[in-house]
Amino acid sequence: MRRILMVGAGQAGLQLALGLQAKGYDVTLMANRTPAEVRAGRVTSTQLMFRTALRYERELGLNFWEGLAPRVTGLGVSVAGTVPGVPGVRRAVDWVGRLDGPAQSVDQRVKLAGWLEAFAERGGRVVVHAAAVSDLDVLVHRHDLTLVAAGKGELVSLFARDPARSPYGAPQRALALAYVHGLGPRADGAGEEVAGWNLVPGVGELWVIPALTTSGRADILFWEGVPGGPCDVFGDVRDPGEHLARVLALLERFVPWEYGRATAVELTDAGATLAGRYAPVVRDPVGRLPSGGLVLGVADAVVANDPLTAQGANSAAKCAASYLASIVERGEEPFDAAWMRTAFARYWSSARHVTRWTNTLLAPMTPHARTLLSTAADDTALADRFANGFDDPSDFEDYFYEAGEGEEKGE
Ligand SMILES: Cc1cc2nc3c(=O)[nH]c(=O)nc-3n(C[C@H](O)[C@H](O)[C@H](O)COP(=O)(O)OP(=O)(O)OC[C@H]3O[C@@H](n4cnc5c(N)ncnc54)[C@H](O)[C@@H]3O)c2cc1C
């Protein structure tokens, strides 16, 4: 039985560990927190996941919360605008695209704690320990394959930044979110669950995402603020109450149609807020330890996009599914550097579309993209197509970009 070491119990690490376990591999999982600590901790994401990623979870029998989480069937796009001489902000663009299959957001505290318990219950070996490079240097020689799925943590130092695929050297958005109970329905709602993406040109974006959290049905208010701009105001927040007050003040100022729904909200729990920022990056997927042992990077550890387009957990699920297939197909052959690069290239063939699309949207929106978003208000087919691009961003290659825009350099 081939021995696999998985470092990191996030979306990618757990999904891949559970998948390998089901195929009969001897998997050891290093997690830096127990399930109880994960559940009692702070939120980590908005984790909206679309049809393909959810299908990979379902194929492994990991869709434990599918019947409980809100079924998101629409993706709404609004663009804020002003009218000369008229005070305030208005909703210049507003439409909902229909998703081909429902999306859903299950709080990672719920999902990852549950998956970690399932892995252990199914006989998996869990080591609760924050792995250091020195640990891996020893352990790598006791396993046929060591995978690092530790997200954006310190172990990324094992993987060199790939400058040709990483156009940004600094964070492009300041992130701030709050999980709330008590959000009112959308004004246009017919009982449908819609994930709303509100674009405020030059200022940032607000996602409003129906979710399942530790205390049941909730909504997530998630600001992506342009650094140094009016939404980049969470650095000195002292407590969750102040954080929520600032989130709401920005709603009132920049997206008043969402603020109207939010006047009675309250935080879901003490860990319901999060703020931070990071630079999007693509890394060399093969890490070499001091003793010469090799490790393969997984998901965010090697391809971390800004969450602007709600792709990271989707990409983590796709990476886990792609690596699972590559590992199984390898049979008894060695997991050497050449195999690692081939496995990553297979994942990158889809991941590159996510990176291109996300990096393009981090830049000021082009006239072509603005026209597309406006046109979609009167073009149902275009609205639906755009919404389903969140499931498969390769589709944007055919219509979203202007010549040369956001294309990968160095290939
Ligand atoms: C604010 C925000 C909103 C987001 N919204 C969305 C969204 O709506 N949709 C979407 O698809 N994606 C979204 N994402 C991105 C998504 O959450 C991540 O891309 C995804 O969780 C990455 O999965 P992963 O398994 O690679 O890493 P992670 O989920 O980060 O998991 C890594 C795990 O490894 C652990 N770890 C770290 N270091 C060590 C160590 N040394 N030893 C052991 N364990 C370690 C970490 O604690 C963590 O548990 C969002 C991200 C953020 C920050």
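Here's a quick briefing on the fold, the domains, the ligand shell and one sheet of this protein.

Keep in mind that this is a predicted model: local features need pLDDT of at least 70, side-chain atom pairs count only at pLDDT 80 or more, and totals for chains, interfaces and linings use all residues. Residue numbers start from 1 along each chain, following the sequence as written. In brief, the protein splits into domain 1 and domain 2, and the ligand lies between them, since both give residues to its shell.

**Overall fold**

- The secondary structure adds up to eleven helices and 17 strands; here helices (H or I, at least four residues) and strands (E, at least two) are DSSP runs, numbered from the N terminus.
- A compact globule of 411 residues would have a radius of gyration near 22 Å, and this protein agrees with its 21 Å. That radius is taken over C-alpha atoms, and the globule rule is 2.2 Å times the number of residues to the power 0.38.
- The C-alpha trace spans about 70 × 45 × 40 Å along its principal axes.
- Of the 411 residues, 49% count as buried. The cut-offs work on C-beta atoms placed from the backbone: buried if 20 or more others lie within 10 Å of a residue's own, exposed if 12 or fewer, partly exposed in between.
- Take the contacts between residues at least 6 apart in sequence: 78% of them join residues at least 24 apart. Two residues are in contact if their C-beta atoms, placed from the backbone, lie within 7 Å.

**Two domains**

- Domain 1 is made of 3–64 + 106–168 + 279–360, while domain 2 is 72–105 + 171–276; these bounds come from an automatic or database domain assignment.
- Their C-alpha centres sit 29 Å apart.
- Across the boundary, 23 residues of domain 1 are in contact with 26 residues of domain 2.
- On the domain 1 side of that boundary, E3, helix H3 (51–59) and helix H4 (108–121) each chip in at least two residues.
- By class, that side has 13 nonpolar, four polar and six charged residues. The classes go like this: Ala, Val, Leu, Ile, Met, Phe, Trp, Tyr, Cys and Pro count as nonpolar, Asp, Glu, Lys and Arg as charged, and the others, Gly among them, as polar.

**Around the ligand**

- The ligand is surrounded by 34 residues, and the closest are Gly-10, Gly-151, Gly-153, Ala-299 and Gly-312. A residue is near a molecule or strand if its C-beta atom, placed from the backbone, lies within 6 Å of it.
- Elements giving two or more residues to the shell are helix H1 (11–22), strand E2 (26–31), strand E3 (48–49), strand E8 (174–181) and helix H8 (312–330).
- H8 provides the largest share, four residues.
- The shell breaks down into 20 nonpolar, 13 polar and one charged residues.

**Strands E8 to E11**

- Strand E9 (residues 193–200) runs antiparallel to E10, and five bridges join them. Two strands pair if DSSP finds at least two bridges between them.
- Val-200 stands opposite Gly-204 in E10.
- The E9 and E10 hairpin has three residues between the strands, and Gly-202 there takes a positive phi near 85°.
- Strand E10 (residues 204–213) is mostly covered, with nine of its ten residues buried.
- E10 pairs with strand E11 (residues 216–225) in the antiparallel sense over ten bridges, in a hairpin with two residues between them.
- Ile-209 has Ile-220 in E11 as its bridge partner, and Leu-212 has Arg-217.
- E11 is mostly covered too, with eight of its ten residues buried.
- E11 also pairs with E8, antiparallel over seven bridges; there, Leu-177 is matched with Phe-222 in E11.

**Asn-388**

- Asn-388 lies in helix H11 (residues 380–389) and counts as partly exposed, because it has 19 C-beta neighbours inside 10 Å.
- Setting aside neighbours within four places in sequence, Asn-388 is in contact with Leu-99 and Asp-100.
- Asn-388 and Arg-51 are 337 residues apart along the chain, yet their C-alpha atoms are separated by 8.9 Å.
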